[in-house]
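Trainee: Could you take me through one part of this model closely? I would like to look at how charged side chains pair up.

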Amino acid sequence: MARPAKKAPEQWKKDILNAAQKLFISKGYEETSISDIMNMAGGAKGMFYRCFQSKEEVMHALGNQLFFENNPFEAIKGRNDLNGLQKIQSLLVLNQSDIKRNDINMQAIPILKYPHILAAAVEENRRILTPLWLELLEEGKKDGSIKTEYVKELSELLPLINFWLIPSVFPATEQELHHKYRFVMEVLEHMGLPLLNDDILSFAGKFITNISENGGNEL
């Protein structure tokens with residue numbers, strides 16, 4: 001009897017990520033074991049460690065994969081009907097409409113209380129998102145819709161705001177999160193980036209409710 005064809009390492013990574021995504025959403029991150037992932041992927045546990053060092057690394061890789069599969073920055077980049085500020089506002093709303101990625105992000109919230117995981121997430125956001133934010137902010141400054149002298153600083157700040165709003169990192173009640181969100185919007189407006197509109201207010205309420213339910217208030 002012929003042996004089954006061996007998978008290439010990249011195929012194993014893809015199968016492991018696909019299995020992890022399904023399990024993280026259906027069972028939850030904490031309740032999913034590496035054995036669960038490999039049972040669904042159809043391989044031995046040793047194969048997992050040939051592709052990834054830990055379940056946390058899988059979570060980061062999965063988040064990146066889902067982001068690049070449906071990159072909201074690319075989706076609004078060519079919108080000639082919008083100025084820079086409107087592109088950013090549309091981006092924020094579009095980002096919240098990605099259900100699969102948001103489900104994974106919500107699963108990641110409780111584990112961000114661990115310093116090494118938080119540090120890795122901050123670095124990924126800085127590496128991937130800061131250049132994308134900088135490009136949009138510079139466009140808005142050029143067309144006059146964003147009036148600020150802090151383009152570089154804002155591009156570095158924006159990828160960090162979500163971490164400040166996560167209650168497993170900075171404990172806060174749902175009411176306190178709403179207050180913090182209003183504070184962020186007022187600070188950004190003062191810096192020349194007036195983001196608040198009806199669409200953003202609507203998704204902000206849902207976002208805060210979700211992170212309150214998934215993040216908890218304990219470190």
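Trainee: How many salt bridges does the count come to?

Mentor: Happy to help, and please keep in mind that this is a predicted model. The count comes to 11 salt bridges. Side chains of opposite charge can pair when their charged atoms come close. Let's go through some examples.

Start with Arg127 and Glu124, whose side chains meet in a salt bridge at 3.1 Å, N to O. Both belong to helix H8 (residues 115-143), where they lie 3 residues apart, so about one helical turn separates them. In general, an α-helix has 3.6 residues a turn, so residues three or four places apart point the same way. The two partners are not equally accessible: Glu124 is buried at 19% relative accessibility, because the cut-off for buried is under 20%, whereas Arg127 is partly exposed at 45%.

Next, find Asp81 and Arg79, which form a salt bridge with an N to O distance of 2.8 Å. Here Asp81 is exposed, with a relative accessible area of 52%, while Arg79 is partly exposed at 33%.

Finally, look at Lys141 and Glu149, whose side chains also meet in a salt bridge, at 3.7 Å from N to O. That distance counts because the rule asks for a nitrogen within 4 Å of a carboxyl oxygen. Glu149 is exposed, with 64% relative accessibility, and Lys141 is partly exposed at 38%.

How values were computed:
Residues are numbered from 1 along each chain as its sequence is written. This is a predicted model: local features need pLDDT of at least 70, side-chain atom pairs count only at pLDDT 80 or more; totals for chains, interfaces and linings use all residues. Side-chain values use heavy atoms; hydrogens and water are left out. Buried means under 20% relative accessible area, exposed over 50%, partly exposed in between (1.4 Å probe, protein chains only). Helices (H or I, at least four residues) and strands (E, at least two) are DSSP runs, numbered from the N terminus.
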